[in-house]
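The following exercises invite the reader to examine a structure step by step. Each task is followed by a worked solution.

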Amino acid sequence: MKKIILSSIIILASILTYAGDKDYFKTMEKNVKELEKAEKVAEFRSLAENFIAISEENTDQWLPLYYVAYCYLNTVFSEEGTENTDMVLDKAEAYIDKARELSPENDEIEVLQGWIYQGRIIVDPIMRGQVYSQKASASFGKARNINPENPRIYFLTGQNVMYTPEMFGGGKEAACPYFIEAAEKFKTFKPESRISPDWGREYNREIAESCEK
């Protein structure tokens, strides 16, 4: 009798876990699809709140935390821009730190860390350019050591080089090989799931095509 009860409890726990995983994936997929269409700061802020709520309900998952940081970054780099850039980037970095605790040695997390450093530069390019450009390069290097096939590494490295003054080895001509390499990587890149990071493809393609003209 005890064995029957124990077996029933295990089966019920498995069913509840499966249902929870299914709800998590469904909710994440809905928000990731909305994120793909977002353009305005208000949309990114709203989605950040959604991902925060998902992360609080799923404390063992790194992806919601990742997307919170990604949303904050997009408010900084959107056409509208944002006030208090450092404060927004502080929030993004806090969530990336939490994501890293759950998933160490994760190339996508290190790519986003590098992008955060690039965001720090736009606050004061003259005073911050060299320091944070080097920090970004270090993060991209760490991501490359984990997974050299991630196209976002080369896409953002290209941006790092493109906005570095030519006298220091930067500029578009020096950056083009990175964008072209990213374009090649994007051709074969397949995200692990429908909710895994898969951004940067179209913008990189536009830059890579301009490099080849």
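## Exercises on aromatic pairs and pockets

In this predicted model, Tyr 67 has a relative accessibility of 3% and therefore counts as buried.

**Exercise 1.** Classify the ring pair of Tyr 66 and Tyr 67, and determine whether Tyr 66 is buried or exposed.

*Solution.* A pair of aromatic rings is described by the distance of the centres and the angle of the planes. For Tyr 66 and Tyr 67, the ring centres are 5.2 Å apart and the planes stand at 85 degrees. Planes over 60 degrees apart count as edge-to-face, so the pair of Tyr 66 and Tyr 67 is edge-to-face. Tyr 66 has 0% relative accessibility and therefore counts as buried.

**Exercise 2.** Classify the pair of Tyr 70 and Trp 115, and state which helices hold these two residues.

*Solution.* The centres of the rings of Tyr 70 and Trp 115 lie 6.0 Å apart, with 50 degrees between the planes, and the pair is tilted. Tyr 70 belongs to helix H3 and Trp 115 to helix H5, so the pair ties together parts that are 45 residues apart in sequence. Tyr 70, at 11% relative accessibility, counts as buried; Trp 115, at 9%, counts as buried. Ring pairs also link residues into a cluster, with Tyr 66, Tyr 67, Tyr 70 and Trp 115 among them.

**Exercise 3.** Describe the largest pocket and its lining.

*Solution.* The largest pocket has a volume of about 1600 Å³. Its lining comprises 45 residues, and those closest to the centre are Phe 77, Trp 115, Phe 155, Gln 159 and Tyr 203. By class, the lining residues divide into 20 nonpolar, 14 polar and 11 charged. Helix H6 provides the largest share of this lining, 7 residues.

**Exercise 4.** Describe the second largest pocket in the corresponding manner.

*Solution.* The second largest pocket holds about 270 Å³ of space. It is lined by 16 residues, of which Trp 62, Glu 108, Glu 192, Ser 196 and Pro 197 are the closest to its centre. This lining consists of 7 nonpolar, 5 polar and 4 charged residues.

**Exercise 5.** Determine whether Pro 125 is buried or exposed.

*Solution.* Pro 125 is part of helix H6. Its relative accessibility is 53%, and therefore Pro 125 counts as exposed. The C-alpha atoms of Pro 125 and Tyr 163 are 9.7 Å apart in space, although the two residues are 38 apart in sequence.

**Exercise 6.** State the mean pLDDT of the chain.

*Solution.* The mean pLDDT is 89, and 89% of the residues reach 70 or more. Over residues 6-19, however, the pLDDT is below 50, and this stretch has 0 contacts in the model beyond near neighbours in sequence.

Definitions and conventions:
Residues numbered from 1 in each chain as written. Predicted model: local features only at pLDDT ≥ 70, side-chain atom pairs only at ≥ 80, totals over all residues. Heavy atoms only, no water. 1 Å grid on protein atoms, 1.4 Å probe; cavity = no way out; pocket = protein on both sides within 12 Å on 5 of 7 lines; lining within 4 Å. Points joined across faces, edges and corners; volume = space filled by probe spheres on them. Helix = DSSP H or I, 4+ residues; strand = E, 2+ residues; numbered from the N terminus. Nonpolar A, V, L, I, M, F, W, Y, C, P; charged D, E, K, R; others polar. Buried < 20%, exposed > 50% of the residue type's maximum accessible area, 1.4 Å probe, protein only. pLDDT = per-residue confidence, 0-100. Contact = heavy atoms within 4.5 Å. Phe/Tyr/Trp six-rings, centres within 6.5 Å; stacked < 30°, edge-to-face > 60°.
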